[in-house]
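User: I am new to this structure. Please take one part of it and walk me through it closely, with its surroundings.

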Amino acid sequence: MDQRIDRFGAFASMLCAIHCALLPVVFGVLPALGLGFLANHVYEQVFVGFAILLASISLWFGLRKHGSYIAFLFLVPGIILLVVGMLIGSDHANSGHALVVSIGGTLVAISHLANLRLTHVHGPNCDHA
């Protein structure tokens, strides 16, 4: 179960980073495609809040299993960058906002991947051990 949460979290965080990186470029096209809601700042805030909550819970359970804080070395700066990105502007055309939030989302995704790696246990059925 923990691995599925981390895989989902990594995927969602990378989608968030891609969304933030590409939004300034495709900002004018979204309404024509019926995807104007993706440019809504409230949507972005909810998504960032969900990503932070999911990552925090997942890494907490991972920490209890493997005892290593390494994944938090990516999560904490990622969360800080996401929050700073939310505070520096709601203007999606702002390249600073897009850059900071994209890097933050990528760091959160990396924290999930690190947690996955740390929680992977090599057993008798593991074919690459």
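Analyst: What follows is a close look at helix α3 and the helices around it.

Start with the whole chain. The model is predicted. The chain holds four helices and zero strands. From the N terminus on, the order is α-α-α-α. Of the 129 residues, 40% count as buried. Contacts often reach far along the sequence. Among those between residues at least 6 apart, 71% join residues at least 24 apart.

Now α3 itself. Helix α3 covers residues 72-87, which makes 16 residues. At 1.5 Å a residue, α3 should span 22 Å, and its end C-alpha atoms are indeed 22 Å apart, so the two values agree.

Which residues of α3 are buried? They are L75, G78, I79, L82, G85 and M86. Seen down the axis of α3, these buried residues fall within an arc of 130 degrees, so they line one face of the helix. The general rule helps here. An α-helix has 3.6 residues a turn, so residues three or four places apart point the same way. The other side of α3 has L73 and L87, and both are exposed. Just after the helix comes G89, with a positive phi of about 160 degrees.

What covers the buried residues of α3? The cover includes α2 (41-66) and α4 (95-119). Take these two partners in turn.

First, α4. The axes of α3 and α4 come within 7 Å and cross at roughly 155 degrees. Angles over 145 degrees count as roughly antiparallel, and α3 and α4 are therefore roughly antiparallel to each other. Their crossing is left-handed. On the α3 side, the contact is made by F74, L75, P77, G78, I79, L81, L82, V84, G85 and M86. On the α4 side, it is made by H97, V100, V101, I103, G104, G105, L107, V108, I110, S111 and A114.

V100 gives a detailed view of this contact. V100 sits in helix α4. Leaving aside neighbours within four places in sequence, V100 touches L81, V84, G85 and I88. V100 and I88 are 12 residues apart along the chain, and their C-alpha atoms are separated by 9.2 Å.

Next, α2. Helix α2 has 26 residues and reaches 37 Å from its first C-alpha to its last, close to the 38 Å expected at 1.5 Å a residue. Its buried residues are H41, E44, V48, A51, I52, L54, A55, S58, L59, G62 and L63. After α2 comes G67, whose phi is positive, near 75 degrees.

How does α2 meet α3? The two pack at an angle of about 165 degrees, with their axes 11 Å apart. By the cut-off of 145 degrees, α2 and α3 are therefore roughly antiparallel to each other. This crossing is left-handed. From α2, the contact is made by H41, E44, Q45, V48, I52, A55, S56, L59, W60 and L63. From α3, it is made by F72, L75, I79, L82, V83 and M86.

The two partners also meet each other. The axes of α2 and α4 come within 10 Å and cross at roughly 25 degrees. Angles under 35 degrees count as roughly parallel, and α2 and α4 are therefore roughly parallel to each other. The crossing of α2 and α4 is left-handed. Residues of α2 in this contact include A51, L54, S58 and G62. Those of α4 include V101, V108, H112 and N115.

Finally, zoom in on one residue of α3. L82 lies in helix α3. Is L82 buried or exposed? Its relative accessibility is 2%, and buried means under 20%, so L82 counts as buried. Which residues does L82 touch, leaving aside neighbours within four places in sequence? The contacts are V48, I52, V101, G104, G105 and V108. V48 and I52 are also among the α2 residues that meet α3. V101, G104, G105 and V108 are among the α4 residues that meet α3. L82 thus has contacts on both partner helices. A further pair spans a long stretch of sequence: L82 and A17 are 65 residues apart in sequence and 9.9 Å apart in space, C-alpha to C-alpha.

To put the part together: α3 lines one face with buried residues, and their cover includes α2 and α4.

Notes
Residues are numbered from 1 along each chain as its sequence is written. This is a predicted model: local features need pLDDT of at least 70, side-chain atom pairs count only at pLDDT 80 or more; totals for chains, interfaces and linings use all residues. Side-chain values use heavy atoms; hydrogens and water are left out. The expected span of a helix is 1.5 Å times one less than its number of residues. Buried means under 20% relative accessible area, exposed over 50%, partly exposed in between (1.4 Å probe, protein chains only). The arc is that of the directions from the helix axis to the C-beta atoms. Contact means heavy atoms within 4.5 Å. Axes are lines fitted to C-alpha atoms, for helices over the stretch in contact, and angles run from 0 to 180 degrees between N-to-C directions. Angles under 35 degrees count as roughly parallel, over 145 as roughly antiparallel, 65 to 115 as roughly perpendicular and the rest as oblique. A crossing is left-handed if the near helix is turned anticlockwise from the far one by less than a right angle, and right-handed if clockwise.
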